[in-house]
Amino acid sequence: MKNNKRQQTSIAAIKKAFANNLYHNIGKPALTATPQDFYTALAYTVRSMLLDKYIHSMATYLKKETRIVAYFSAEFLEGPHLINNMLNLGVIDQVRKAMEELGLDMNKLIELESEPGLGNGGLGRLAACYLDSLATLKIPAIGYGLRYEHGMFEQRLEDGWQVEYSDNWLHYGNPWELYRPERTYRVQFGGRTESYNDPEHGYRVRWNPGMVVKGIAYDTPILGYRVNNCVLLRLWQAEAAQDFNFSDFNRGDYYGAVENKVVAENITKVLYPNDTSQAGKRLRLEQQYFLVSCSLQDLIHMHTVMKGLDLTTHHRSVAAQLNDTHPSLAIPELMRLLVDEHLLPWNKAWEITQKTFSYTNHTLLPEALEKWPIPLFQSLLPRHYEIICEINRRFLDEVRLRFPLDDQRIANMSLIDETGERYVRMAGLACVGSSHINGVARLHTQLLKDQVLKDYHCLWPDKIINITNGVTPRRWMGVSNPKLTALITEAVGEGWLNDMEKLSDLEPFADDASFREKWYQIKRGHKEQVAGLILEHFGFVVDPDSMFDVQVKRIHEYKRQHLNILHLISLYWRLKNEPDFDMVPRTFLFGGKAAPGYFMAKLIIKLITSVAEVLNTDPVTRDKLKVIFRPNYNVKIGQIVYPMADLSEQISLAGKEASGTGNMKFAMNGALTIGTLDGANIEIREEVGEENFFLFGLTAPEVLELRQSGYHPLDIYHNNDQLRAVIDLIEFGHFSHGDRNLFKPLLDSLKYNDEYMLFADFQSYIDCQQEVDRAYADKEEWLKKSIRTVARMAEFSSDRSIREYCGKIWQIKPVEVLSG
Ligand code: 26Q
């Protein structure tokens, strides 16, 4: 294998492989190749270097005794593969030189990769970070997801409003995936069930579906960092079981003949761009079922056919993790496959099922808890409805035994919501069918135990555990910030990118003035580069010496981008009205998408862009304040943004953000955080030290208390001059060309309801920002804080998270992959 030409990583070998790929795979000589062709040729060249590792990994993972993680997720937000694979292979320098010698700029080619944006935000990106860590830690794993033809929409601004355009990430083809038509499964929908008597197995049910769709596998190898291990990302694409109907065709009904094909292929057409409230749409339920049915059939095929094992030991082959409730239909689907298709007894099947699954919860927001109207559910999945009813009957018997005569508890815990219109409750289903339930940060897990899943916690006190999220330092430091990575390596030596504890050796360098200067220059370089991009795209100058104050994440009221805006308007107001007021110049940067149907979030974007328009051109303030909304925030842009940030805004109302992961990415790149005691902020602050974290706002218990005792935002408005000045400025049309109606819905919701308590946290936030201002003015002290922050981020590597999943839930140990 070592002599395999494709794997050679010398500059000469890379050049040769590149030329070969261009000619033989793309079919062009260099003379007529487009930049995109060059990118694709390079992608094939790098892919060749990892395929051998991939093939050996798969062979190793399919050994009889190997247990494998199956990560079920409706979203995998991978971001670009090329640069990440080069980093993990350790070939960036050679590739750069090889391209140089061919007269090509590697960085320009890297930029041409279109973003595989198959996720909304945190949850999808977490799945991608976890695959990276699974591979790096040598844990056998498959990520199961959907190959959406159109991923997350492209966001553009028109007149300051968000407008959505469809994403077409597959337009130029996808060199990273391997088409696997031999991995095809049939998925059924609709129709009816009928019972029959099996002479050997007794009462059984048969499902006669109304429609059948095929699921076809597309495999993407995910290579670990400097190891031979790859994990597999297997995404399913829906296709019609039959391309067209001949009898319709022969009757001359040409549209009818292809209708089935259109309906079937719609299933993986597009990613739903909502990350909170669920719409209850039939197509979304079809997607969820399609994902789990293909994946489970695939796992059963591997266990029984490829490994030749008995189904009753299926749970020893697989530890399946449910990434939120989106794939929780896996529970009734595995029951159906075991009981109806493989004729196992119910009790045995239930034991296998419970031992197979675990469930990660990612939200506390009540509107995000999935539930499906029974008529819809039953018409699409009649057999699964029956199975859920049977699971529920047995489960509620267990509850009754423990808590006799407690009807309220029974009603709360039932998998069927019968308080009004009837629904299937997916979180309940996921809890009942899993061996473990986990939250994603300490506070979040505590709130699950105390509130959302209180009754389940009461019944099974050991079932809910915490595993705080993490992010991969390979992508979020190594790929996105190579200069900082090199400087850290200079200081602490090699090997810290997959052993973040080594970063603690960085701490003493905080006291080294020449090291601080280098640290500063790297940040400054990123800021200059971004200032250049802003000049190019927006046409105005920002000062790279100003403080870069950044909030990038999905736009949502609970994340409170508008609190950030209230602060910056207060600065504007003071600059205009207080002759003695002075401040460090700041550049405010925002990025994030609003769910297309979420009016208030879209209005927040309009507010940001409207404020920007006024501030950036006001001669009195424009040297001190700049505001930019960067459209179409995604993984690629994240990689540019985290390294240039000075200040990271993590300002959700306490108790609302399950964890947050952007908070970790900023801190790993040396930004300091201003934040509330919410999600993982709490743990980040504990790790980096309170002196290196700007804390403000109510705590989660204080939020609860205030709500119970009666919260009156209007009183705060009347009693706080600064807040009133800011709100009135918006209200009187200062940022809307005199239009007093534009922002009225937003202002009214704050004044008369303020669900997310911006007014309650306003003064505390303003005061804290003043502290930030003072701290930033002391450059050397700020740099010390920045260095110490990075040195203390080991806890937030996804490697730590994955080790915890392995130890606490999956019971899986690393497996060496030889050769490669
Ligand atoms: C559900 C049903 C129908 C349509 C869409 C959805 C849907 C899709 C995506 C619901 C939620 C999501 C995504 C949620 C998400 O990203 N949650 C975030 O997860 C991160 C990783 O754990 C946390 O850090 C964030 O705090 C949490 O908001």
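Let's start with Glu690, which is exposed at 57% relative accessibility; on this scale buried means under 20% relative accessible area, exposed over 50%, and partly exposed in between, using a 1.4 Å probe and protein chains only. The side chain of Glu690 meets that of Arg685 in a salt bridge, at 3.8 Å from N to O. By salt bridge I mean a side-chain nitrogen of Lys or Arg within 4 Å of a carboxyl oxygen of Asp or Glu.

A quick word on what you are looking at. This is a predicted model, where local features need pLDDT of at least 70 and side-chain atom pairs count only at pLDDT 80 or more, while totals for chains, interfaces and linings use all residues. Residues are numbered from 1 along each chain as its sequence is written, and side-chain values use heavy atoms, with hydrogens and water left out.

So, how many salt bridges does the structure hold? There are 59. Let me show you two that sit inside helices. Helices here are DSSP runs of H or I with at least four residues, strands are runs of E with at least two, and both are numbered from the N terminus.

The first pair is Asp397 and Arg393, whose side chains meet in a salt bridge at 3.9 Å, N to O. They are four residues apart in helix H14, residues 382–402, so about one helical turn separates them. Asp397 is partly exposed at 37% relative accessibility, and Arg393 is partly exposed at 45%.

The other pair is Arg524 and Glu528 in helix H21. Their side chains form a salt bridge at 2.9 Å, N to O, and they too are four residues apart in H21, with about one helical turn between them. Is Arg524 buried or exposed? Arg524 counts as buried, at 18% relative accessibility, whereas Glu528 is partly exposed, with a relative accessible area of 41%.

Salt bridges can also join up into a group. Please find Arg180, Arg183, Asp219, Arg234 and Asp298, which are linked in a network of salt bridges.

While we are at helix H21, let's see what it packs against. Helix H20, residues 482–492, packs with H21, residues 513–538, at an angle of about 165°, and their axes are 9 Å apart. The axes are lines fitted to C-alpha atoms, for helices over the stretch in contact, and angles run from 0 to 180 degrees between N-to-C directions. H20 and H21 are therefore roughly antiparallel; angles under 35 degrees count as roughly parallel, over 145 as roughly antiparallel, 65 to 115 as roughly perpendicular, and the rest as oblique.

Which residues make the contact between H20 and H21? From H20 we have Lys483, Leu484, Leu487, Ile488, Glu490 and Ala491, and from H21 Phe515, Lys518, Trp519 and Ile522. Contact means heavy atoms within 4.5 Å. These residues divide into seven nonpolar, no polar and three charged. In that sorting, Ala, Val, Leu, Ile, Met, Phe, Trp, Tyr, Cys and Pro count as nonpolar, Asp, Glu, Lys and Arg as charged, and the others, Gly among them, as polar.

Now for another helix pair. The axes of helix H22, residues 561–577, and helix H29, residues 721–731, come within 9 Å and cross at roughly 95°, which makes H22 roughly perpendicular to H29. Among the residues in this contact are Trp573 and Arg574 of H22, and Leu729 and Ile730 of H29. The full contact divides into 10 nonpolar, two polar and one charged.

Following the chain on from H29, we come to His737, in the loop between H29 and helix H30, 744–752. His737 has a positive phi of about 50° although it is not a glycine, and it is exposed, with a relative accessible area of 74%. Asp324 also has a positive phi, about 70°, and is not a glycine either. You'll find Asp324 in the loop between strand S10, 318–323, and helix H11, 330–341, and at 7% relative accessibility Asp324 counts as buried.

Two acidic residues to finish. Glu286 is in helix H9, residues 282–306, and is buried, with a relative accessible area of 10%. Leaving aside neighbours within four places in sequence, Glu286 is in contact with Phe189, Ile267 and Leu380.

Asp248 is in helix H7, residues 246–250, and is buried too, with a relative accessible area of 13%. Not counting residues up to four places away in sequence, Asp248 touches Asp253, Gly256 and Ala257.
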